[in-house]
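The following exercises concern the domains, helix packing and chain contact of a predicted model. Each task is followed by a worked solution.

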Amino acid sequence: MFARLVYESFRRQKRRKFLAGAAITLGVTVATAMIGVATDIGDKINRELRTIGANLVITPQEDSLDVEIGGVNLKPPSDGAFLNEADLPRIKDIFWRNNVTGFSPMLPVTVTLQHEGKQPDVTLLGTYFARHVPLSGEDFVTGVRSTHLWWKVAGTWPQDEEKDSSQEVLVGQRLAQKAGLKQGDEISVSRKQFRVTGILSTGGAEDDEIVAPLSVAQEILNRPGAVRRIYVSALTKPEDAFARRDPKSMSGAVLERWSCTPYPQSIAYQLAAAIPHSHVEQIRQVSQNEGAVLTRIEGLIFLITIAALLAAALAVSAAMATAIFERRAEVGLMKALGAGKIAVASVFFAEATLLALIGGIAGFAAGSLLARQIGQSIFNSQISIQPVLLPVILGIAVIVTFAGSAAAIRRAIDLDPVFALRGGL
Amino acid sequence: MFWRMLWRAAILRRGRAASALLAMVVAAAVTTALLNLYVDVQAKLQHEFRNYGANIVLVAKDGASLPSDTISRVDSLLAGRGIAAPFGMIVARTSSGQPIVVAGTDFNRVRQLDKWWSVSNWPSAPQQALIGLRAQSTVGPANQAFDLKFQGRILRLSPAGTVQTGAAEDSRIYISLADFVAWTNVQPSTVEVAANGNPNEVAGILNELTRAIPAADVRPVRQIMEGEARVLGKTRATLLAASVLIILTAALCVLSTLMGWVYDRRRDFATMKALGASTRLLNGFFAAEAAALGAVGALIGFVIGIGIAAWIGRVNFHAAVTPRFDVLPVVLAGSITVTLLSAILPISRLRRVQPAVILRGE
């Protein structure tokens, strides 16, 4: 009897059920999409913030002091210590390897540029552009094209794969202007011929330099495998008081908790352990500020999500209240036939639960699609909703539907059947 | 008669009218708050991004020095639209003959410009130096005075504290500009400027600086400006998408509540029609009722929404969100449109039905 009441109610009142179901679906869609966006926004903005550059730098531990003015290092290029290029893949071997979005080794050398009779001394910076790094299991491409996103090239980027010893370089735009170089020119650096594939513009010291594949710089310096410093771009969690504690003073369990949080400090700590004879420093300009920006944006989206959830809950409640209010006569009839308050209420609650479940599943699917669409169109990357969220969302949908119906059901039940059946108030 | 009908309708059906009004108020409040935040979030985040330091750098052309009045000219040109700090740099030698970069600057300005510098103690007296963390071991034992030599002239400095940034600053020694100029006779060669405002305003300041100081190469710090533009753009786009979703939900909520309300009153409608009210009068009556509800709801919602926006500004950005009163007409017009729409839809359906059928209760 009970099941039949519910079934017939759905069969006979398709329009009303459809309207209420549509409201629930819409509410759940908005809620799911916003929760998806809110949980992923930190990661997405973190990636956007990587435009500002690497947040960690690895230098040799026993390095002599840099004598750098205006981006030009006056320290003799062969002076001081070097890191080993062969250690680079270890960066992607640390616990937080998936948070490392890219790294670029740098090796500056001073060279003499010979072009059209002039012989100015310039800095040649050896680096990776977009280099395949051999890793166990995956193919990782890294270099300045992923860590230094503000570098712009008029022309094409040089090839820097290991197999062909590249003869292609970039020339900084101010240097190109001074020396009268343009794309496609042949230049001679340290008695070797190179082809200029593009003019580089960075707004920084590189505008006065030649930028070449790392192997070229190593060859000129005659130090195979040498790297002066490595810039690492990593996704980090904004640091807090716990992050600033010294890992050396921590006990086992605390140290584990500290290392298992992607603070800039703990990633730096792991990198220093992974690369022999290295010193890892966070670039404070980048890492300190991104925490603040990230916290603000996450907080904003979090508050907006709460607003969205409230609006969705309100829409669902309003639709349910309206749907039940329209069925006072039915309640009157049931009561006139001798149904108790509990029996009447349970019929309505069963209907509400059914509606909430159907609407919730449909809304969850639509919301996942919507979140994906938002991710695709704004961030060019996917926002995926964890399936784990489904029971949570369904639970919320049922509770909200219940809450929305409760007041209306009570009012309908308390009404005298005579008035309800007569159709007045 | 018309006004009395409107008034009595609101009084007699308090419960239903109140729930419709509540839906309207919530929708208007959420819309107001979101529009306010959307307009304001750019300014708020730009403020955060100024902590990244300079977005414009002035460098003397061809390695020369800038004229000594450069910083005062930059200041008067900025006129509160940002902050500038001068830097002069030379290579000096320590007593053991090691080369080291010594920079002269204005510590008060640097403190405001480069907030990420982690400084143990800022120098406050002349002849005090701020020592980069990596340079520390080069200049000698900690907390002891040391000598630096530049072109035969010796300067005796006492360390005030250390600076750590993770970048080139770590291997330098910073002294006050007055000490620097007196010792080396070299004027600053670089001025770093953190200009406030949106990209157009910053580009404007960049152009003004280029014209005003011909001795300098004026360059934008591209990585900061581009990163800022990207993050701001994406955040605003996300906020816009969220706002559209929420406003749409709120509008539909109002629509369904109001439609239910009007549909519920089909008996009133039928009675009026049976008593001889013209269709125009009936339409006018329900439309006026809806518009009044929309206007009242929008006004109350606007006030609440401004409050919500201000609260979010305080909690999240630790700064006030200025109320935007230009949002009010938009919210008002939107509310009235939605309420009118939700009144007209059921009416147009009821109009075709005979009053007798409705009154009979079918």
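**Exercise 1. Domain separation**

Determine how far apart the centres of domain 1 and domain 2 of chain B lie, and then treat the two domains of chain A in the manner of a second case.

Solution. Begin with the bounds: in chain B, the domain assignment gives domain 1 as 2-47 + 230-360 and domain 2 as 55-220. Taken over C-alpha atoms, the centres of these domains of chain B are separated by 58 Å. For chain A, the assignment gives domain 1 as 2-45 + 293-422 and domain 2 as 55-282. The C-alpha centres of these domains of chain A are 54 Å apart.

**Exercise 2. A helix pair in chain A**

Classify the relative direction of helix 2 and helix 8 of chain A, and describe their contact by residue class.

Solution. Two packed helices are described by the angle between their axes and the distance between the axes. Helix 2 spans residues 14-49 of chain A and helix 8 spans residues 284-325 of chain A; their axes come within 9 Å and cross at roughly 175°. Angles over 145 degrees count as roughly antiparallel, and helix 2 and helix 8 of chain A are therefore roughly antiparallel to each other. The residues of this contact comprise 28 nonpolar, 4 polar and 3 charged.

**Exercise 3. A helix pair in chain B**

Give the geometry of the packing of helix 3 against helix 7 of chain B, and list the residues involved.

Solution. The axes of helix 3 (residues 70-78) and helix 7 (residues 199-212) of chain B come within 11 Å, with a crossing angle of roughly 145°. The crossing is right-handed. Helix 3 of chain B contributes Arg73(B), Val74(B) and Leu77(B), while helix 7 of chain B contributes Glu208(B), Leu209(B) and Ala212(B). By class, this contact has 4 nonpolar, no polar and 2 charged residues.

**Exercise 4. The contact between the chains**

How many residues does each chain give to the contact, and which element of chain B gives the most?

Solution. Chain B provides 57 residues and chain A provides 55 residues. On the side of chain B, the elements giving two or more residues include helix 2 (14-49), strand 2 (82-94) and helix 10 (279-317) of chain B. Helix 8 of chain B gives the most, with 23 residues. The side of chain B that touches chain A divides into 32 nonpolar, 18 polar and 7 charged residues.

**Exercise 5. Helix span**

Compare the span of helix 10 of chain A with the expected value.

Solution. Helix 10 of chain A (residues 341-379) has 39 residues and reaches 53 Å from its first C-alpha to its last. This is close to the 57 Å expected at 1.5 Å a residue. Asn380(A) follows helix 10 of chain A and has a positive phi, near 55°.

Definitions and conventions:
Residues are numbered from 1 along each chain as its sequence is written. Chains are lettered from A and ligands numbered from 1 in the order in which they are written. This is a predicted model: local features need pLDDT of at least 70, side-chain atom pairs count only at pLDDT 80 or more; totals for chains, interfaces and linings use all residues. Helices (H or I, at least four residues) and strands (E, at least two) are DSSP runs, numbered from the N terminus. The expected span of a helix is 1.5 Å times one less than its number of residues. Two residues are in contact if their C-beta atoms, placed from the backbone, lie within 7 Å. Ala, Val, Leu, Ile, Met, Phe, Trp, Tyr, Cys and Pro count as nonpolar, Asp, Glu, Lys and Arg as charged, and the others, Gly among them, as polar. Domain bounds come from an automatic or database domain assignment. Axes are lines fitted to C-alpha atoms, for helices over the stretch in contact, and angles run from 0 to 180 degrees between N-to-C directions. Angles under 35 degrees count as roughly parallel, over 145 as roughly antiparallel, 65 to 115 as roughly perpendicular and the rest as oblique. A crossing is left-handed if the near helix is turned anticlockwise from the far one by less than a right angle, and right-handed if clockwise.
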